[in-house]
Amino acid sequence: MKHPLTMIGYWQSVYETDYPDPAWFTDANWDPNIRQRVIQHLQQGRRMPYTYMGQAFCRFHCDGPRAGRLGSMEFTDGRYVWPEGLVHYLEAHHLRLPADVVDHMLQGTEDCYEPLPHSYEIDYEWWKTQKGWNREASTYKGVDIGYVVITVTNQTYRALQEAALLHFLSKSGGIRGKLKAVETIMKGETVAIMGRFPYVQDFIAENTRIGLEIRFREIPYMQYQELETLGGDERSAWMQQQLERQA
Ligand SMILES: [Zn+2]
């Protein structure tokens, strides 16, 4: 029988909307001694026998030295599995883990569990049911108004790129010709898209590693409103002008 492990510490992203937001788990009043013991436990986990491509980034967009490089490994204590970056959230953002997890971690590491390849089975579902205690809080920073300039830089992850672009644009507002834009980007052309976007920095952080180069330029709201009233051709001409100015 395979050893059962439970995943914790995955956060929602444009691909994985079922996971919780770390802001739901913050608790500035958590006993610092307990927090320290949990941090130690996380630091003593055994490494899982795989590495993810790219680096996780901090969902709180902090400027800490490791904020954009939270690691690509995962660790286990024989019961839970967590990404390398989880400890950063406890250290820097007052994250408290659910009581079941904390209780287990305070009991110490399960002796000698060694996660050999194919010897374990990971449950990803339990963590999705965890909603924390601050459902009003969010790491989502609102809407960015301006234009994104997108280029495909790597042909390896085409399916992921297309899915990410469609998802991002479907959550964005004020965009004309979404499907056409995605099609053109996937053909290898650089495309500029103007609109109201859900926090662009997340989109950039999540997709650089799958080979999308994304730049964002903010447009002051007044100017954006004026541009909104223009016809398609005039708008395209304005965008073209901006791109040439940058080139
Ligand atoms: Zn951070």
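Buried area is the accessible area that two parts lose on being put together, summed over both and taken with a 1.4 Å probe. That term is wanted at the first stop of this tour, which goes through a predicted model.

**The two domains**

Begin by colouring residues 3-128 as domain 1 and residues 143-246 as domain 2, the two parts into which the protein chain is divided. If you place a marker at the C-alpha centre of each, the markers for domain 1 and domain 2 will stand 33 Å apart. Now select the residues that touch across the boundary, where 10 residues of domain 1 are in contact with 12 residues of domain 2. Between them domain 1 and domain 2 bury about 1100 Å², and 64% of this area lies on carbon and sulfur atoms. A search for salt bridges across the interface of domain 1 and domain 2 returns 0.

**The five-stranded sheet**

Next, show the strands as ribbons and find the open sheet made of 5 strands, which follow one another in the order β2-β3-β4-β1-β5 with mixed pairing. At its edges are β2, residues 46-51, and β5, residues 120-123, each of which pairs on one side only. Looking along the sheet, you can follow a twist that averages 35 degrees from one strand to the next.

Then select β1, residues 3-7, together with β5, since these two strands pair in the parallel sense over 4 bridges. For a single pair to display as sticks, take T6, whose bridge partner in β5 is D123.

**The three-stranded sheet**

Move on to the second open sheet, in which 3 strands are arranged in the order β7-β6-β8 and the pairing is antiparallel. Because β7 and β8 stand at the edges with a single partner strand each, one side of each is left without a neighbour in the sheet. Here the twist from one strand to the next averages 35 degrees.

Select β6 and β7 to see a pairing in the antiparallel sense over 8 bridges, in which V143 has P198 of β7 as its bridge partner. Then exchange β7 for β8, which pairs with β6 in the antiparallel sense over 7 bridges; in this pairing I150 stands opposite I214 of β8.

With the sheet still displayed, add helix α8, residues 221-229, which packs on the sheet and touches β6 and β7, its direction making about 120 degrees with that of β7. Helix α6, residues 178-186, can be added as well, for this helix lies across β6 and β7 and runs at about 130 degrees to β7.

**A residue in α6**

Within helix α6, pick out T184. The relative accessibility of T184 is 16%, and because buried means under 20%, T184 counts as buried. Leaving aside its neighbours within four places in sequence, T184 is in contact with E189 and V191.

**A residue in β6**

Return to β6, a strand that is mostly covered, with 9 of its 10 residues buried. Select G146, which is found in this strand, residues 143-152. G146 has a relative accessibility of 0% and therefore counts as buried. What touches G146, once residues up to four places away in sequence are not counted? Expanding the selection around G146 brings up I193, M194, G195 and F197, and also F216, R217, E218 and I219. To see how the fold brings separate parts of the chain together, draw a C-alpha to C-alpha distance from G146 to R196, which are 50 residues apart in sequence and 6.6 Å apart in space.

**Helix α7 and its cover**

For the last stop, select helix α7, residues 200-207, which is mostly covered, as 6 of its 8 residues are buried. Which residues of α7 are buried? Showing side chains for V200, D202, F203, I204, E206 and N207 displays the buried residues of α7. To see what covers these buried residues, add the surrounding elements, which include β6, α5 (158-170), β7 (191-198) and β8 (212-218).

Conventions: Residues are numbered from 1 along each chain as its sequence is written. This is a predicted model: local features need pLDDT of at least 70, side-chain atom pairs count only at pLDDT 80 or more; totals for chains, interfaces and linings use all residues. Side-chain values use heavy atoms; hydrogens and water are left out. Two strands pair if DSSP finds at least two bridges between them. Axes are lines fitted to C-alpha atoms, for helices over the stretch in contact, and angles run from 0 to 180 degrees between N-to-C directions. Buried means under 20% relative accessible area, exposed over 50%, partly exposed in between (1.4 Å probe, protein chains only). Contact means heavy atoms within 4.5 Å. Domain bounds come from an automatic or database domain assignment. A salt bridge is a side-chain nitrogen of Lys or Arg within 4 Å of a carboxyl oxygen of Asp or Glu.
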